[in-house]
Amino acid sequence: MAYISPRVLANFSIAVDAVVANKVRSLLTALGIIFGVAAVIAMLAIGNGAQREILDQIKLVGVNNIVIKPIVEQKEEKLEEDVGKKDKKKFSPGLTIHDVRSIEDIIPGIQSISPEIILDTYVIRGGTRRSAKLVGVESSYFDLYNFEIGDGLPFSAEQQRLGSGVCVIGHAIKTRFFSVEDPIGKNIKVGPHWLTIVGVLNERLVSSSSISKLGIRDFNMDIYVPLRTMLIRYRDRDRITGEQLRLATMRSQGMIFDNNNVSPEQEAERKNYHQLDRLVIQVASTEMLTTTAEIVSRLLERKHYGVIDYEIEIPELLLKQQQRTNDIFNYVLGAIAGISLLVGGIGIMNIMLASVLERIKEIGLRLSIGAKKSDVVQQFLFEAIMISISGGVLGVLLGVTLAFLVSHFGNIPTIITLPSILLSFGVAATVGLIFGIAPARRAASQDPITSLRYE
């Protein structure tokens, strides 16, 4: 155990008595430290929360992904010389499986590619009916989006090739329809067809902010089938049916109109000629994202005969830009918190210097009865450090409270970590030590005889 000199203990005791005897002054002196420490903890908590949210969002959209979405309606502005001329609409086959195979065969560096077809439908089992989304995918989809199969298995290669009537359900589907039994191997009616469940996904927590920012859906209520199953059994916009030909003939003859008893959703679906609703491409490295996106854009433009009926997004780059913005915001908050701590330190030094003038007789009396200059230095340093540490403790409590209030009322995620508390507390103690040196040295330099005569 370390030995502590009785003189040091005596000097510490005198410093404690001086701080306690002037509670209000000590509290006001520590205000700068209190708010500075609180600002540091709250800032780091908000920054850590934002960082965690961005990382979670990157997991949701996948790493190194390029997302291609079809554009259903093309709007072109006419030039003045073209006014009055008859519109000539260019033909495009839309986003199809052929585009997927071309990208796979032609463009290097593609690690994984996942086409999707999404259908709004309903689920029926045991007299219960719920709306849900049926998603036609290939097995690469689950790895690309970091999905975990909790029970069962994903689609086999044979099931995908044959278009088998199998499905993988989300966690919420299992909870609602199979709350007391194992769903693996059971049948469930999805739309007009019965499907056999081969796998169940683990629950995927998605915040409302992620849904709005990233344009994603609640995956827990989705049902996934092989892409070929979707095309054969449910919907294939690339295939012309007899019903479509009949309706087109009736429209051309004026027998029916486009707006006859047709909802906006049905009208949008009728105009949608794209076979795929979404295409996600994963490249090998982040450095290849922009270049690959440009090459994919040129390839699709040629295959769609110059019609830009698709849009290409790189969610990870958007998220990293958002992360960069958050980092800048955190730097600004950190600078403000640092200035607060600096102002707090200056306040401690000023008050301690004023305290030296007020206590000149006390200092002279201590020196005249045998106290050394080092004893006076220690006393005033102890006072400055005690004020800083007590201010640091109060600042930690205030910072934790602020972080909780911001999370509760501002709906902003905050994460308080032990390193942030230790950092702010250590800075507070250091500030007290540094800014307490000048007042302590000034107090020790007083002449005892002159100090005793001071009025």
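Let's start on the outside of this predicted model, where Leu27, Ile389, Val393, Leu394 and Leu397 come together as a nonpolar patch on the surface. Taken together, these residues offer about 410 Å² of accessible area. Which helix gives the most to the patch? That's helix H14, running over residues 373-409, with 4 residues.

Pick out one of the patch members, Leu397, which you'll find in helix H14. Is Leu397 buried or exposed? Its relative accessible area is 51%, and the cut-off for exposed is over 50%, so Leu397 counts as exposed.

Now stay with H14 and look at its partner, helix H15, made of residues 418-444. When two helices pack, we describe them by the angle between their axes and the distance between the axes. For H14 and H15, the angle is about 150 degrees and the axes are 7 Å apart. Angles over 145 degrees count as roughly antiparallel, so that's the label for H14 and H15. As for handedness, H14 passes H15 in a right-handed crossing.

Finally, let's jump to another part of the chain. Asn64 sits in the loop that links helix H2 (23-61) to strand E1 (65-70). You might wonder whether to call this loop residue buried or exposed. With a relative accessibility of 8%, and buried meaning under 20%, Asn64 counts as buried. Try finding Leu144 as well: along the sequence, Asn64 and Leu144 are 80 residues apart, yet in space their C-alpha atoms are 9.7 Å apart.

Technical notes
Residues numbered from 1 in each chain as written. Predicted model: local features only at pLDDT ≥ 70, side-chain atom pairs only at ≥ 80, totals over all residues. Heavy atoms only, no water. Helix = DSSP H or I, 4+ residues; strand = E, 2+ residues; numbered from the N terminus. Buried < 20%, exposed > 50% of the residue type's maximum accessible area, 1.4 Å probe, protein only. Patch = residues over 30% accessible without salt bridge, like charges linked within 9 Å, V, L, I, M, F, W, Y side chains within 5 Å. Areas by Shrake-Rupley, 256 points an atom, 1.4 Å probe, with all protein chains shown as cover. Salt bridge = Lys/Arg side-chain N within 4 Å of Asp/Glu carboxyl O. Axes fitted to C-alpha atoms, helices over the stretch in contact; angles between N-to-C directions. Parallel < 35°, antiparallel > 145°, perpendicular 65-115°, else oblique. Left-handed = near helix turned anticlockwise from the far one by under 90°.
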